[in-house]
Amino acid sequence: METKNFKVVNQRVKKIDALGMACGKAEFTDDVHIEGLLHGKILWSPYAHARIKKIDASDAVEIPGVKAVLTYKDVPRVPHTTAGQGYPEPSPYDTFVLDNKVRYVGDRVAAVAAETIEAAQEAVSKIKVEYELLPAVFDPLEAMKNGAPVIHDEEDSKNIPDAKRNIAAKFDFKVINGEWFKEADFVIEQTYRMPYIQHCAIEPHICIVYFDANGRLVIRTATQVPFHVRRIVAQSLNLPVKKIRVIKPRIGGGFGSKQEIVLEDICAALALKTGKPVKIEYTRKETFVSSRTRHPSVVRLKTGVKKDGTITDAEMEVILNTGAYGSHALTVMMCSGSHTLPMYRIKNNIKFLGKSVYTNMPVAGAFRGYGATQGFFAWESQMDIMAEKIGMDPLEFRKRNYIKSGEGSPVFKAMGEGREGVEQLITSTGLSEAIQEGLKRIKWHEKTEEYKNQAGRVKRGLGMACMMQGSGIPEIDMASATIKMNEDGSFNLLIGATDLGTGSDTILAQIAAEVLGVETQDIIVYSSDTDLTPFDVGAYASSTTFVSGGAVKKAAEKAKDMVLEVAAKILDEKKENLFLENKKVVSKSGVSCSLAEVANTSLYYYNQHQITASASHSGRTSPPPFAAHFAEIEVDTETGRIKVIDYVSCVDCGTAINPSLAEGQNDGAVLQGIGHCLVEEMEFSANGTPLNANFRRYKILNTADTPPIKSVLIPTYEPDGPFGAKSISEIGINGPAPAIANAIYNAVGIRLYSTPFTPDKVLAEIKKRMKK
């Protein structure tokens, strides 16, 4: 392990925007005043599947204050994807700004811009639509059958592998080293399910589009992917990219939901139609129904194991419900296997079968964990089942099989995100230490003894799970950064990276400050403006620290080299004898000069020039963070209620650039995961209408519900990461479902294969077990 006496990196530096946020000074999308701003509203489909035969907006346009009504007849028909992914996007081009067919309850029908929200809402209610109702299908298994309604029968969509069978994406992969399951002493096959789940970011989707002095469109939006928004809006509206500027202000959370173009295109279309600025802000119900969700999943695992603990074979079949459109359909499905299958050594045969399937349900998309959440629920439950079958302690079973430093997996090369991956070896892992620390923190061995032979209605149990994720998408994700020196020795850092409240502006400033020998407050950060900041793919795939951080480090090193060159002239010293420290350039001989002197010399005296540098970085690997989760729960055997008593998450993210922010990211991910496995599920009527699209009926964990959660950072050093860093933002969400499922089994002997683990499910399984 490389060690270094970091001055700024790996320190608990305060978030650079903390004071402004706490005082309400930070500007979110809606915190601007724009003269003449119109309000946009959308007419949503009341039907799951229908064709628009006639649409009449004549009454709507007569309402005072209404400035425009758009239908499919008024906008370009350009097939595209709404997935904010790198070009060319691996998702199917199956979406239109407005279409003459609707494919789920909540699909777009028309859009209105008016001087007031009330006028816009009234106009929406006055639009007359005659629908031809079509048969609908709501289950992905049913949707693939012969004779099922074809959801995408249009001829101009692109990159749909099998539209007639409603297959939006598919991928198969196998490694064969012998006869299937021949060496296995036991073969276990189980199916695991996850439902529709909402992101529930505090800030709903919101976008304001206006014109600058030169007539260019300015899109001010709560997005994770400003540069992808620019490209996809330009594509969908037949505009040149140069005519669009995208600005991302502060954001009230995203979790993947804002890695999507869900309202920027229609808001821009209304602005173009009216020639005036337009704002669209989703209500909470609209956010639930018409933004994005997690992909509901059916994961079948068939695994073989020997009595000595060797995993001989693994067959993993994943079927995802992508809803009405195929946003992220291929990549989420592939990540459900690519992040899970390499976790454990499989001796002989590996097979992955994946499909993402269209249904007449809300559109799924990117969600923190991105397929690995669904995959690890299956795998880590199955690991406990296999361990019990061979009579081995589940901890020892995992230790025997998990991937170790210097090892690789054929899965890395076979499965990327939307295409072939890259070969890679594990170059850092702290999983062994994470397991040991978690055992100690949760008091595993002591409580295992204590909870044997429990009496009474309330039973306690322990469960654990191990997991890995990734750090960006290798050879796809790219980020850039620019650094400019000021007269006082401070630096401007311009980055396309997108801070969602995660603190990326802060940790990227720390990386720059570490290289340049200054403090974090000497780095002035400006991020996420497609006119003023260099390109970055955006905040997704756990890429910001690893990929954007790599770009910042390179740019800072270039700027450092320029600083040393000027300082060498000032000090009459060789450049190689100089280093940066405490806002000075210091020589080995002891002489020094301030960074302010260097800046002023470069600007006004010697060889006048601006000290500025730009750099780009694209990861060639995706080094995984590792984590071990431990849950202590209690089960009320008379009510079925589950209560989490204690939760410990030990995570190896390499060097934590800012330990406080890293712990906060992991705490949030774990809490989100606990909510998913205990209470969260979107409910629908028989005709596909959402029934709980609000916080009165859709339960998320609040402060009073939050159990004790302890995130423990396990230090390692990743040689490919900036100052040894890897990712941390997603991995924590993958552990609660399997860890709590395993703890429930430990407590009361029932195995749950579908989330959420509601009291009625638990009680039903307890009663079944009592009858046996």
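A charge sits over a ring if NZ of Lys or CZ of Arg is within 6 Å of the ring centre and within 35 degrees of the ring normal. In this predicted model, select Lys 553 and Phe 723 to see such a case: the charged end of Lys 553 is placed over the ring of Phe 723, 5.0 Å from its centre. Then select Lys 404 and Tyr 402, where Lys 404 lies over the face of Tyr 402 at 4.2 Å from the ring centre.

**Helix H3**

Select residues 117–126, which form helix H3. Ala 119, Ala 120, Ala 123 and Val 124 are its buried residues. Looking down the axis of H3, these buried residues fall within an arc of 140 degrees, so they line one face of the helix. Glu 118 and Ser 125, on the other side of H3, are exposed. To see what covers the buried residues, add strand S1 (38–44), helix H2 (58–61), strand S3 (66–70) and strand S5 (108–114), which are among the covering elements.

**Gln 85**

Go next to Gln 85, in the loop between S3 and strand S4 (101–102). Gln 85 counts as buried because its relative accessibility is 5%. Show the side chain of Thr 331 as well: the side chain of Gln 85 makes a polar contact with it at 3.0 Å. Leaving aside neighbours within four places in sequence, the residues in contact with Gln 85 include Pro 90, His 228, Arg 231, Gln 259, Tyr 370 and Tyr 540.

**Salt bridges**

The structure holds 53 salt bridges. Select Glu 27 and Arg 220, whose side chains meet in one of them (4.0 Å, N to O). This pair links distant parts of the chain, with Glu 27 in the loop between helix H1 (18–22) and S1, and Arg 220 in strand S10 (residues 217–221), 193 residues apart. Glu 27 is partly exposed at 45% relative accessibility, whereas Arg 220 is buried at 9%.

Move to Lys 440 and Glu 437, a salt bridge with the closest N and O atoms 3.5 Å apart. The two are 3 residues apart in helix H12 (residues 431–442), so about one helical turn separates them. Lys 440 is exposed at 58% relative accessibility, while Glu 437 is buried at 19%.

Next, select Arg 457 and Glu 638, where the closest N and O atoms of the salt bridge are 3.4 Å apart. Arg 457 lies in the loop between helix H13 (444–450) and strand S16 (458–468), and Glu 638 in the loop between strand S24 (626–636) and strand S25 (642–652), so the pair ties together parts 181 residues apart in sequence. Arg 457 is partly exposed at 37% and Glu 638 is exposed at 54%. Then select Arg 77, Asp 99, Arg 103, Glu 154 and Asp 156, which are joined into one network by salt bridges that share partners.

**Aromatic pairs**

The count of aromatic pairs is 13. Tyr 47 and Tyr 131 form an edge-to-face pair, 5.1 Å centre to centre with 75 degrees between the planes. Tyr 47 is in the loop between S1 and strand S2 (50–56) and Tyr 131 in strand S6 (residues 128–133), so the pair ties together parts 84 residues apart in sequence. Tyr 47 is partly exposed at 34% relative accessibility, and Tyr 131 is buried at 19%.

Last, select Tyr 192 and Phe 377. Their ring centres are 5.7 Å apart and their planes at 75 degrees, so this pair is edge-to-face. Tyr 192 is in strand S8 (residues 186–194) and Phe 377 in helix H9 (residues 372–389), 185 residues apart. Both Tyr 192 and Phe 377 are buried. Add Tyr 753 and Phe 757 to see the cluster that ring pairs form with Tyr 192 and Phe 377.

Notes
Residues numbered from 1 in each chain as written. Predicted model: local features only at pLDDT ≥ 70, side-chain atom pairs only at ≥ 80, totals over all residues. Heavy atoms only, no water. Buried < 20%, exposed > 50% of the residue type's maximum accessible area, 1.4 Å probe, protein only. Helix = DSSP H or I, 4+ residues; strand = E, 2+ residues; numbered from the N terminus. Arc of directions from axis to C-beta. Contact = heavy atoms within 4.5 Å. Polar contact = N/O pair within 3.5 Å; in protein donor to acceptor, adjacent residues only side chain to side chain. Phe/Tyr/Trp six-rings, centres within 6.5 Å; stacked < 30°, edge-to-face > 60°.
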